[in-house]
Amino acid sequence: MKTAIVNLGAIVSGDLNAPTVAGDSIIMADGVIVSVGTASTAAVDACDVVIDADGAIAIPGLIDSHVHITFGDYTPRQKVVGFLESYVHGGVTTSISASEVHVPGRPKDVVGVKALAVAAQRCFADYRPGGMRVHAGSLILEPGLVEQDFDDLVRDGVWMVKAGFGAFATPFDYAPLIHMARARGMIAMAHTGGSSIPGSAGIWADHVLAMNPDVSYHVNGGPVAIPDRDFPRLVNESSIALQVCTAGNLRTTLLVADLLDKAGQNERLLIATDTPTGSGIMPLGMLYTISHLASLGGMAPERAIAAATGSNARIYRLNSGLIAAGRDADVVVIDACLGGSQPDAMSALRNGDVPAVGAVVTAGIPRFVGRSRNTPETTRRVRVERSNVLQDFSGAAH
């Protein structure tokens with residue numbers, strides 16, 4: 001399928017160093033972005049679907065790098081079916097598993113945790129709820145894992161590991177396993193802060209620094225934050241990416257962002273939700289945290305969006321997260337909410353408002369156009385101008 005978005009008021013790239021792109025059009029074909037900027041009439045005419053943005057703003061699809069999935073589009077923690085598809089209506093086009101720890105009766109032996117990771121990875125290899133791409137199968141680190149186990153998992157397509165829920169005497173015991181995983185090119189993540197489920201332990205700066213994972217998960221609290229004195233240590237004594245989550249502590253979210261900004265290391269800030277957990281289902285969680293950083297933290301909204309898109313993509317080595325030729329064609333159109341006080345989406349974010357989502361495209365395929373069921377209407381009329389495809393792309397307004 002070839003898809004065009006035209007008549008854009010602005011294009012936010014997702015790139016922290018070059019946060020906007022000049023132009024008013026995006027052309028997509030065969031699941032990737034073909035061109036960004038000003039499209040010729042011939043290029044637009046060659047598309048199967050043309051979306052008129054009516055002056056609204058394009059951003060990359062949001063990447064939620066902390067979602068506790070299980071199998072399929074279901075969360076037993078909240079007893080909810082369809083939550084991932086609902087997140088698409090919040091502009092989230094990619095989710096990354098923070099481990100399948102909430103699988104009822106989840107195994108804790110070596111054979112079981114390996115099987116769980118492989119099964120979850122396979123479950124979502126071709127299943128895209130609502131069009132969302134889900135990277136699943138994050139190995140839960142448990143005692144007894146050895147070098148051969150990590151070789152087996154890499155061979156089987158598992159590329160993520162998670163520290164924080166294993167039956168270790170001390171969190172320092174995770175360090176050798178994380179080093180084994182990273183030596184094989186796997187992405188390693190570590191729970192950070194107080195315990196989040198019965199049986200887990202708190203993990204503080206000393207533990208995280210000893211582990212040296214790729215990502216310090218929900219460093220602002222999931223839901224309980226580390227002590228304030230630990231934040232400068234993580235910023236200044238490591239190069240670990242620091243993830244802040246909507247389900248955590250807002251004050252320390254702003255603290256982390258400020259410390260990284262003063263250190264000139266904004267690229268280490270990642271935005272996620274840490275859902276669905278005890279905090280519930282949060283389809284607009286990514287947008288809320290972006291608005292908090294822009295309105296309360298003084299961060300330019302384009303740069304906050306980068307922390308939720310391109311920065312996540314860089315750490316997790318994904319081809320999405322940026323609006324640029326050759327990148328995955330995951331694009332979201334946002335605008336100021338109808339009836340709000342601000343004239344456009346960027347102004348709304350600076351004001352602390354969640355923007356309206358007017359369209360979501362994943363893999364170059366429109367998933368809905370016109371109105372998200374989870375946000376108010378857009379101020380501008382985002383619509384399908386022309387379609388050669390026998391499909392109604394507007395079926396979300398309920």
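This passage walks through the overall build of the chain, its two open sheets and some of its helix packing. The structure is a predicted model, so local features need pLDDT of at least 70 and side-chain atom pairs count only at pLDDT 80 or more, while totals for chains, interfaces and linings use all residues. Residues are numbered from 1 along each chain as its sequence is written, and side-chain values use heavy atoms, with hydrogens and water left out.

In the protein chain there are 12 helices and 22 strands; these are DSSP runs numbered from the N terminus, with at least four residues (H or I) for a helix and at least two (E) for a strand. The radius of gyration is 20 Å, close to the 21 Å from the globule rule for 398 residues, so the chain is as compact as a globular protein of that length. That radius is taken over C-alpha atoms, and the rule is 2.2 Å times the number of residues to the power 0.38. Along the principal axes, the C-alpha atoms fill a box of roughly 65 × 40 × 35 Å.

One open sheet has 6 strands in the order S13-S14-S15-S16-S17-S18, with parallel pairing (two strands pair if DSSP finds at least two bridges between them). Its edge strands are S13 (138-140) and S18 (269-272), each pairing on one side only. Neighbouring strands here are turned by 30° against each other on average, direction ignored; axes are lines fitted to C-alpha atoms, for helices over the stretch in contact, and angles run from 0 to 180 degrees between N-to-C directions. Within this sheet, S15 (187-191) and S16 (215-217) pair over 3 bridges, and Ala190 stands opposite Ser216 in S16. Helix H9 (285-295) lies across S17 (241-245) and S18, at about 135° to S18.

The other open sheet is mixed, with 5 strands ordered S5-S4-S1-S6-S22. S5 (32-37) and S22 (383-387) are at the edges with a single partner strand each, so one side of each lacks a neighbour in the sheet. S6 (49-52) runs antiparallel to S22, joined by 4 bridges, and Ile51 has Val384 in S22 as its bridge partner.

As for helix packing, the axes of H3 (110-123) and H4 (147-155) come within 11 Å and cross at roughly 20°. The two are therefore roughly parallel, a label for angles under 35 degrees. Val110, Lys114 and Val118 in H3 meet Asp149, Asp152 and Leu153 in H4, contact meaning heavy atoms within 4.5 Å.

Methods. Parallel < 35°, antiparallel > 145°, perpendicular 65-115°, else oblique.
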